[in-house]
Amino acid sequence: QGSCSSIQKLAIQGIRAFSPAREQTIQFFKPLTMIVGANGCGKTTIIECLKYATTGTAPPGSNKGQSFVHDPKLTGLAEVKGSIKLRLQNRAGNNMVVIRSLQLTQKKSSMTFKTLDGVIKQQDPITGEKTSLSHKCGELDTQVPYIMGVSKAILENVIFCHQEESSWPLSDSAALKKKFDDIFESSRYSKALDSIKKTKTQYAKTALEGK
């Protein structure tokens with residue numbers, strides 16, 4: 001028996017203003033969790049981390065994720081490793097932990113940024129056996145929306161939509177159409193219809209040849 005997926009807890013370390021020296025956690029409650037705080041305290045960062053953990057998409061204006069990691073210059077470190085851990089309940093009702101890691105290295109005249117392999121941890125609900133599987137970032141970007149039962153487009157543009165991108169419903173018609181096509185997976189249905197038409201034609205041809 002399937003169920004709706006849900007997020008349970010988020011742990012952040014070395015991201016934006018969150019210190020690289022210690023992990024800070026946020027617990028989410030049902031049916032609603034309100035995040036309240038002064039400007040600059042990290043409310044938006046929490047949404048950015050949820051979006052990054054589930055889709056692998058870096059926040060807008062973050063230079064593909066480089067400025068998403070805590071700046072090493074602020075702490076006098078040569079290297080900062082950012083970590084985002086999300087505990088969730090998947091669509092099958094099982095608890096899982098998604099871990100994404102980023103690394104920013106300060107060199108003499110430049111910064112070097114890279115994303116590290118991600119990890120999915122889970123526990124078998126029957127045997128209690130714990131497993132930990134490493135995934136390439138691209139694999140994780142596909143795998144996490146699948147286990148949540150929510151498309152990447154909905155996670156990006158609806159559930160965890162960044163405030164700087166929240167006006168997309170007011171964008172020009174071409175961009176708006178693409179957004180809706182992604183959200184409603186219209187291309188998937190178009191391909192299915194094409195496949196049905198081809199199959200129908202093939203069966204009709206086969207039937208004529210058999211007469």
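Walk along the chain from its start and you meet the pattern β-β-α-α-β-β-β-β-α-α-α-α. In this predicted model, that adds up to six helices and six strands.

Now step back and look at the whole thing. The C-alpha atoms fill a box of roughly 80 × 50 × 40 Å, taken along the principal axes. How does the radius of gyration compare with that of a compact globule of 211 residues? Such a globule would come out near 17 Å, but this protein has 21 Å. As for what is tucked away inside, 32% of the 211 residues count as buried. The chain also brings distant parts of itself together: take the contacts between residues at least 6 apart in sequence, and 55% of them join residues at least 24 apart.

Let's zoom in on a loop. Strand 1 (6-13) and strand 2 (24-27) are joined by a loop, and Pro20 lies in it. Is Pro20 buried or exposed? The cut-off for buried is under 20% relative accessible area, and Pro20 has 19%, so Pro20 counts as buried. If you skip residues up to four places away in sequence, the ones Pro20 touches are Gln13, Gly14, His70, Thr75, Leu77 and Val80. Here's another way to see the folding: Pro20 and Gln103 are 83 residues apart in sequence, yet their C-alpha atoms are 11 Å apart in space.

Next, find strand 4, which covers residues 95-106 and includes Thr105. With a relative accessible area of 17%, Thr105 is buried too. Which side chain does the side chain of Thr105 make a polar contact with? The partner is the side chain of Glu79, at 3.2 Å. Glu79 also turns up in the list of residues in contact with Thr105, together with Ala78, Ser110, Met111 and Thr112, once neighbours within four places in sequence are left aside.

On to the helices. Start with helix 1 (residues 43-55), which packs against helix 4 with an angle of about 170° and 10 Å between the axes. Angles over 145 degrees count as roughly antiparallel, and therefore helix 1 and helix 4 get that description. On the helix 1 side, the residues that meet the other helix are Lys51, Thr54 and Thr55; on the helix 4 side they are Lys152, Leu155 and Glu156. Sorted by class, this contact has three charged residues, two polar and one nonpolar.

Helix 4 (residues 152-159) packs with helix 5 as well, this time at an angle of about 125° with the axes 8 Å apart. That makes helix 4 and helix 5 oblique to each other. Here Ala153, Ile154, Asn157 and Val158 from helix 4 meet Lys179, Asp182 and Ile183 from helix 5. The mix of classes in this contact is four nonpolar, one polar and two charged residues. To picture how one helix can present a set of residues to a neighbour, remember that an α-helix has 3.6 residues a turn, so residues three or four places apart point the same way.

Finally, look at the two ends of helix 5. At its start (the helix spans residues 173-183), a side-chain oxygen of Asp172 reaches to within 3.2 Å of the backbone nitrogen of Ala174. Just after helix 5, Glu185 takes a positive phi of about 50°.

Note on methods: Residues numbered from 1 in each chain as written. Predicted model: local features only at pLDDT ≥ 70, side-chain atom pairs only at ≥ 80, totals over all residues. Heavy atoms only, no water. Polar contact = N/O pair within 3.5 Å; in protein donor to acceptor, adjacent residues only side chain to side chain. Helix = DSSP H or I, 4+ residues; strand = E, 2+ residues; numbered from the N terminus. Axes fitted to C-alpha atoms, helices over the stretch in contact; angles between N-to-C directions. Parallel < 35°, antiparallel > 145°, perpendicular 65-115°, else oblique. Contact = heavy atoms within 4.5 Å. Nonpolar A, V, L, I, M, F, W, Y, C, P; charged D, E, K, R; others polar. Rg over C-alpha atoms; globule rule 2.2 N^0.38 Å. Buried < 20%, exposed > 50% of the residue type's maximum accessible area, 1.4 Å probe, protein only.
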